[in-house]
Structure formats: structure tokens, C-alpha cells
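Here are a few friendly notes to read alongside the coordinates. Please keep the viewer open as you go through the points.

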Amino acid sequence: MPKAYWIARVDVKDAEAYKAYVAGAADAFKAHGARFLARGGRFTAAEGTARARNVVIEFPTFEAAVDCYNSAEYQAARAHRVGFSEGEIVIVEGAEP
């Protein structure tokens, strides 16, 4: 079964307030087997419009990735993020091994 990934591109408007989202989301990520592959590191925009923060999170399955997003824990954390950032999250299934 292929793994799955969250690909998030975010512009944070208030870094201090955003910390509540990061702290709150940690339990949801842990509960769903998430592993951060990229988390706000150095990047270059090769094509298209970039955002300041880029995150790639690996999950054991597509279902785990979707369940994490829909979980009560993540949605509670998300409430802290929505007012202090703009961005996109795409959940994508990985290629077959």
C-alpha cells in the first residue's frame, strides 16, 4: 500500500499566534503516524507563485492522511491557523513502491 503526503504551502501573517497551531497539531500528527519530510526549510520557486513556508508530511496510508486532517484534534488546531495564515494543503497518494 502506498504512503501518502500532505503538501502544504503557507504564508504566516502572525508567527507568534501560529505557534498555537503548531503545538495543537502535534498530537494529531503523532496519532496518525505522520513524519515531517520538509518543514519550512530553504527553497527556490522554480515555477509559479511561491509561499514563504513549505511543508511535506508523510503518512503511512492515504486514509491516515485524510483521517488526520478530519480529526477533532487537527480541526481544533486548524482553528488557530486560519486567522493567522493563508495557504493550501493538498493530500496526495504516493507512487506504488
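**Notes on charge pairs, sheet and surface**

1. R35 has a relative accessible area of 47%, so this residue is partly exposed. Please keep in mind that we are looking at a predicted model. The partner of R35 in a salt bridge is E58, with 3.1 Å between the closest N and O atoms. This pair connects distant parts of the chain, since R35 belongs to strand β2 and E58 to strand β3, 23 residues apart. E58, unlike its partner, is buried, because its relative accessible area of 9% falls under the 20% limit.

2. How many salt bridges does the structure hold? There are eight. One of them joins R51 and E88, whose side chains meet at 2.8 Å, N to O. R51 sits in the loop between β2 and β3 while E88 is in strand β4, so this salt bridge ties together parts 37 residues apart in sequence. R51 is buried, at 15% relative accessible area, whereas E88 is partly exposed, at 30%. You may like to view the wider setting too: through salt bridges with shared partners, R9, D11, K13, R51, E86 and E88 become one network.

3. Now for the sheet itself. It is open and has four strands, in the order β2-β3-β1-β4, with antiparallel pairing. At the edges are β2 (35-39) and β4 (85-93), each of which pairs on one side only. On average, neighbouring strands are turned by 15° against each other, direction ignored. Between β1 and β4, the antiparallel pairing runs over nine bridges, and D11 is found opposite E86 in β4. Helix α1 (residues 15-31) packs on this sheet and touches β1, β2, β3 (53-59) and β4, with its direction at about 170° to that of β1.

4. Helix α1 also has a charge pair within it. E16 and K19 are both in this helix, three residues apart, or about one turn. Their salt bridge has its closest N and O atoms 3.2 Å apart. Are these two residues buried or exposed? E16 is exposed, and K19 is exposed as well.

5. Finally, a look at the nonpolar surface. I7, V90 and V92 make a nonpolar patch of about 210 Å². I7 comes from strand β1 (residues 4-12). Why does I7 count as partly exposed? Its relative accessibility is 37%, and the partly exposed class lies between the buried limit of 20% and the exposed limit of 50%.

Terms used. Residues numbered from 1 in each chain as written. Predicted model: local features only at pLDDT ≥ 70, side-chain atom pairs only at ≥ 80, totals over all residues. Heavy atoms only, no water. Patch = residues over 30% accessible without salt bridge, like charges linked within 9 Å, V, L, I, M, F, W, Y side chains within 5 Å. Areas by Shrake-Rupley, 256 points an atom, 1.4 Å probe, with all protein chains shown as cover. Salt bridge = Lys/Arg side-chain N within 4 Å of Asp/Glu carboxyl O. Helix = DSSP H or I, 4+ residues; strand = E, 2+ residues; numbered from the N terminus. Buried < 20%, exposed > 50% of the residue type's maximum accessible area, 1.4 Å probe, protein only. Pairing = 2+ DSSP bridges. Axes fitted to C-alpha atoms, helices over the stretch in contact; angles between N-to-C directions. Contact = heavy atoms within 4.5 Å.
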